[in-house]
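Trainee: I'm new to this structure. Could you walk me through a few of its features?

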Amino acid sequence: MARIGVFTCWCGENIARNVDVDKVAEEVAKLPHVRCSLAYKYMCSDPGQAIVRDKIREEKLHGVVVASCSPHMHLKTFRKAAELEGLNPYLVEMANIREHCSWVHHNREQATAKAIDLIRMSVAKVMRNRALQPIRVPVTKRALVIGGGVAGIQAALDIADAGHQVVLVEREPSIGGKMAGLSETFPTLDCSQCILTPRMVDVGQHPNIIMHTYSEVEAVEGYVGNFKVTVRKKARYVDVDKCTGCGACWNVCVSKKNLSEFDFGMGKRTAIYVPFPQAVPARPVIDKSACLRLTKGKCGVCEKKCAAGAINFEDEDRLITEEVGAVVVATGYKLYDIGKDQANAKLEGYGEYGYGKYKDVIDSLQFERIVSASGPTGGEIKRPSDGKEPKSVVFISCVGSRDNAKGLSYCSKICCMYNAKHTMLYKHKVHDGQAHVFYMDIRSGGKNYDEFVRRAIEQDGAHYHRGRVSKITEENGKLIVRGVDTLAGVPVTIEADMVVLASAMRPADGVEQLAQKLNVGYDEFGFLSESHPKLRPIETNAAGVFVCGACQAPKDIPESVAQASAAAGKVQVMFSHQEMTREPEIASINEQTCAACFACVRTCPYTAIEKAEIRDRNGKRIKRTARVNPGLCMGCGTCVAVCPSKSADLEGFTEQQIYAMVESLV
Amino acid sequence: MEIGYYPGCALHGSSNDYERSVRACLGALDTGLKEVDDWICCGATAAHSLNQKLAVALPARNLALAERDGLDELLAPCPMCSMELLKAGHLLGKDKGLREEISGIVELKVEGRTRVLNLIQVFQMVGLEKIKEKMTRPLEGFKPACYYGCLLTRPPEVLRFDDCEQPESMETLLKAVGAEPVEWNYKTECCGAGMTMCNEDTVLDLSHKILANAEAHGANCLVVACPMCHVNLDMKQADIERKYQMRHDMVVYYLSDLIGLALGLDEAALGVDRHYVVKR
């Protein structure tokens, strides 16, 4: 006869209001195998836990059922309490009579009956629980950081400073990301490059950081603590080790009219180039679509001028493998395409703003480059069409953001702040100029943020109009911006010299494919999904993979940096142990009965099941079978559902247990 | 080729010059029009401002008639009509319950699968090749400002026609027949539409801006594909002149007028001689 203890919680009024807790305890005591049944006001409190522990000891219990809240809330609490009394923690079960019962029912009598049913099922289950031991897996104390923007830089530096090796993979020729191209940052107006570039240099020189720039993650294998990552190092046509970064090559390059990606098309670059002077590594790369030697077989003047002999036109993509224990994803964002042509069929563009049609209608990142001291105009505000100083500039918020008609329902969060910043930077450079902002709402929550916006309005005289712009047209070299001021209730027409559109933030290109390689979820917009929006904002549902920065949601610099440090902290927690322990409630395959159909291999969402062979002592194959990798399995149970021969089962949720629960009910 | 034809109230009334133009021009392109027998009002603004069910039922009855007569394509030269017909078709297509209810109301089975076309789409169906082949008199010296107004492209999720803010389809057609359409800014602005009855000042203001912008961008004529726009922009020029002391003298053509002229038809055959502002 099993000896099961049942402990029913009032949860203050939460359960007791709609469930007759005393009656539940009384009825449950009559169930076979139930040795003791008690109720208490707060079972999770210290005295409550003491009751559980005392009974385990006194009654020599084989299993425990706590009838209270969701197991997400307190299963760990009670398992820990049981463990202190020497009871294997996996012999503790919870019956959820709060979320599944008292909170959703109003008829006290029926709710009480249901609570009893739920407990009866849990008793049937716990009787068939087995003592389990946590799974231990070794940890490779090396981290991969994907993305070298400010978030990736911060995460890499923190992990490296803690004494662990970091592999930093960046798609562009230099690290630095979007922040390297910004002019000045809110709410302090300190120069973006001045605060970022020292960090970039730190990364470049850090003995614990291995940088792969102009590289992308090709494939990811393995599991938490033991990832094997294939990185594609794209052909750079420049030997980074030989090159001294002297600049002889890009000074002589004849292909000069290529739009600079770093300047968002506002400036030009040569075919062999470093994206910006402070690039890390300060080594050039050849754009193979623009290089005359690579496209037409002519020229090659850079090769002749290179004293170091670093140019290699025969260069090819290379694949390298890195072994790491944890992954931090920091792939950042891009801006929504404003024009009418959209690569993504789910999105619509803004024909009415004439972006792409009128040269002086630009997006906010383009404005950042125009106003930046390192930008194509040397920091002088000149409009793209004729290079004249604009005397009237209109900034439009929420272009794409919060616009269901265009397919993006979310707020991009940072635009209100940088719009205010742009009006200030503009006014500081063009004293007789007038900035206008059209906005839906001003969202400036954050330390010193609202004060900053007030400064833009009150000290620097930006005109804020609450309303949308319906159309932008061009007449005689002026942009005619027609909108509405909904506070004044009047249509507004402004003759502007330049218009800046605060385009929505979207996750960077390719993030969905990367997420699939890492088994990380993403939402309908492509932002990566955190494990829990409040309590696990850094973790993903793939063990050992963490997120930080704008790849998870729109974020500003301080938030990205904070989240990056948090991700680095999580990685260090992992690396502080020689081994990792994982929950043992995972799937297993009965290799004797497995028919090797591999339906489970195909359906496993975590690629945790592999094809294996059983061989005799002479090495002769006896049979093929599926086998679960305990490091990868997340215990979802999909394999159990698809297995036609019933060879797959889930520890802690065995089919026997589930059937016993159903039987106890009917 | 023969396609269904839904004239709506305007083309059988105040804008019968438009009907004459459409019939003559399409006839010259071997495209016959089979008028929907026993058609009724599309509901226009009146219906959808008052009663949503009526706003579906009125156009639905016309769609049902077209379905009964086996007309897969239906030309509605008035954009208000084509929008109302499309909107009804759109709603009926996605809602089985509504289809059954409306079929009961209009006493005819309606599926909402008729392809409703505006005039531009019919010319696109005929094809640039065929139009060029039949062209006898390229439109040399014509610098039209193509005016789409509010309804030809809107609401975009119902019409799914051209770019709703920066349309180009009329320009493409007119370039093919030798005209030089101008770039201008009031392609999709409102002319004042039905306000012409109750608030003429608004119409005069809006139409004056449209005409002035076309002129400022070098247009020597205006092209429309809407009877209402034609009324406001053509007939009201005298009133605009009185109010703003500015004489526009801008000839306003229907799209079918200009293509018809290129096909060698004379102005009288197209009804151009019946416009208020005529070329002198």
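Trainee: At what angle do helix α12 and helix α14 of chain B pack?

Mentor: First, this is a predicted model, where local features need pLDDT of at least 70, side-chain atom pairs count only at pLDDT 80 or more, and totals for chains, interfaces and linings use all residues. Residues are numbered from 1 along each chain as its sequence is written, chains are lettered from A and ligands numbered from 1 in the order written, and side-chain values use heavy atoms, without hydrogens and water. Helices (H or I, at least four residues) and strands (E, at least two) are DSSP runs, numbered from the N terminus, and axes are lines fitted to C-alpha atoms, for helices over the stretch in contact, with angles from 0 to 180 degrees between N-to-C directions. For α12 (residues 200-216) and α14 (residues 237-244) of chain B, the axes are 10 Å apart and the angle is about 95°.

Trainee: How do the residues of the contact of α12(B) with α14(B) divide by class?

Mentor: Contact means heavy atoms within 4.5 Å. Among the residues making this one are L204(B) and H208(B) of α12(B), and I240(B) and Y244(B) of α14(B). Ala, Val, Leu, Ile, Met, Phe, Trp, Tyr, Cys and Pro count as nonpolar, Asp, Glu, Lys and Arg as charged, and the others, Gly among them, as polar. The split is 4 nonpolar, 3 polar and 5 charged.

Trainee: And α10(B) with α15(B): which residues make that contact?

Mentor: Helix α10 (residues 169-176) and helix α15 (residues 255-262) of chain B pack at about 15°, axes 10 Å apart. By class, their contact has 6 nonpolar, no polar and no charged residues. From α10(B) come M170(B), L173(B) and L174(B), and from α15(B) L255(B), L258(B) and I259(B).

Trainee: In what order do the strands of the open sheet in chain B run?

Mentor: Two strands pair if DSSP finds at least two bridges between them. β5(B) and β6 (residues 221-224) of chain B pair in the parallel sense over 3 bridges, and A145(B) stands opposite L222(B) in β6(B). The sheet has 3 strands with parallel pairing, in the order β5-β6-β7.

Trainee: Which three residues supply 56% of the area that chain B buries against chain A?

Mentor: Buried area is the accessible area (1.4 Å probe) that two parts lose on being put together, summed over both. Between chain B and chain A that is about 960 Å², with carbon and sulfur atoms giving 28%. The contact takes 10 residues from chain B and 11 from chain A. More than any other three, the suppliers on chain B are E165(B), Q166(B) and N185(B).
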